[in-house]
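Please look first at the fold as a whole, and then follow this report through an enclosed space and a pair of packed helices.

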Amino acid sequence: MIIIFKENAPEKEINLLEKEIRALGLDIHKSKGQDTLLWGLVGDTSKINMDWLAARQIVESVKRVQEPYKKANRKFHPQDTVVDVAGKKIGGGHFQVIAGPCSIENTQQINSVALSVAQSGAGLLRGGAFKPRTSPYAFQGLHDEGLKLLLEAKKVCGLPVVTELMTPEHVDLFQDVDMIQIGTRNMQNFELLKEVGKLKTPILLKRGMANTLDELLMSAEYIMAGGNENVILCERGIRTFEPSTRNTLDLSAIPMLKKKTHLPVIVDPSHACGIRWMVEPMALAAIAAGADGLMIEVHNDPEKALCDGPQSLTPEMFNTLMDKVRRATAFFREL
């Protein structure tokens, strides 16, 4: 349920209404614009009579919200959320590129890629220390050692770092990570979502490869309900009947999510297509569709990569892409 207050409504009467609503066991999500105060009521609103609220002199209008997600809902929070990741802002007109290798392999590899993507203009460094793989025989990452190498690379290049958390038991290892990624396979790992909801660290939540947008938003709601509202959504392609690409990049998800939620939305064209030469056109298409950022895989020697080499750009390719990204973001910003 949403309550929109009249302009210049007396604060004393607003505070009195707040006490009455909280006494009913409901939480209140407050959003204040330049001239408008809006409340989103979270909880079992069936116990509230809309006429009881609408009769108040301070209330402009009352609306019921059908969607089960409240905190992630744009109706409760009309303004775009801007998530600050160690000084790098994403959302609300702030565009960022996250780049780096799929997995951290050794010191030379991660440092080399970190320096190259920083020089090309990336805002954040990605790198997998713990890797969920379909095959139990595939490279699973360097685990704790990989995290150490990523944090050392952070000192080398000066960029905030993003890496994937796979289990609640590893949360303490991620204290120095600037943004925690919840991958596609864990999008509905609800115990993990509740655990990261207790943190203040920004969360990059990837859409499950077979999940709807509302299911993605409900997963975001799990995190936000726990108290962590620093959530960024990532479209990374969904599984369809088309075998030509690794997944099908759902570009329509970008404007639809922008309609449904105030949270930033970024796109991972690397995992979506799984093909190196397709990353650039899909990245530019994502910008045109309104994405708040990109996540690009870059490897200093893709042919020898231990994970996802076919979709990884070389540093030279990434540098060329970044020139086009800058021009594209400038162009669409002016439209």
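A cavity is a set of points, on a 1 Å grid over the protein atoms alone, where a 1.4 Å probe fits but cannot get out, and its lining residues have an atom within 4 Å of a point. Grid points are joined across faces, edges and corners, and a volume is the space filled by probe spheres set on the points. The model is predicted, so that local features need pLDDT of at least 70 and side-chain atom pairs count only at pLDDT 80 or more, while totals for chains, interfaces and linings use all residues. Residues are numbered from 1 along each chain as its sequence is written, and side-chain values use heavy atoms, with hydrogens and water left out.

The structure holds one cavity of 30 Å³ or more, and the largest cavity has a volume of about 50 Å³. Its lining includes Arg-126, Phe-130, Gln-181 and Met-295, and strand 9 (residues 161-164) gives the most to this lining, with three residues.

Two packed helices are described by the angle between their axes and the distance between the axes. The axes of helix 3 (residues 107-120) and helix 10 (residues 315-334) come within 9 Å and cross at roughly 25 degrees, which means that helix 3 is roughly parallel to helix 10 (angles under 35 degrees count as roughly parallel). In their contact (heavy atoms within 4.5 Å), helix 3 uses Ser-116, Val-117 and Ser-120, and helix 10 uses residues including Phe-318 and Arg-326.

The table sorts the residues of both sites by class.

| Site | Nonpolar | Polar | Charged |
|---|---|---|---|
| Contact of helix 3 with helix 10 | four residues | three residues | one residue |
| Lining of the largest cavity | three residues | four residues | three residues |

Here Ala, Val, Leu, Ile, Met, Phe, Trp, Tyr, Cys and Pro count as nonpolar, Asp, Glu, Lys and Arg as charged, and the others, Gly among them, as polar.

Technical notes
Axes fitted to C-alpha atoms, helices over the stretch in contact; angles between N-to-C directions. Helix = DSSP H or I, 4+ residues; strand = E, 2+ residues; numbered from the N terminus. Parallel < 35°, antiparallel > 145°, perpendicular 65-115°, else oblique. 1 Å grid on protein atoms, 1.4 Å probe; cavity = no way out; pocket = protein on both sides within 12 Å on 5 of 7 lines; lining within 4 Å.
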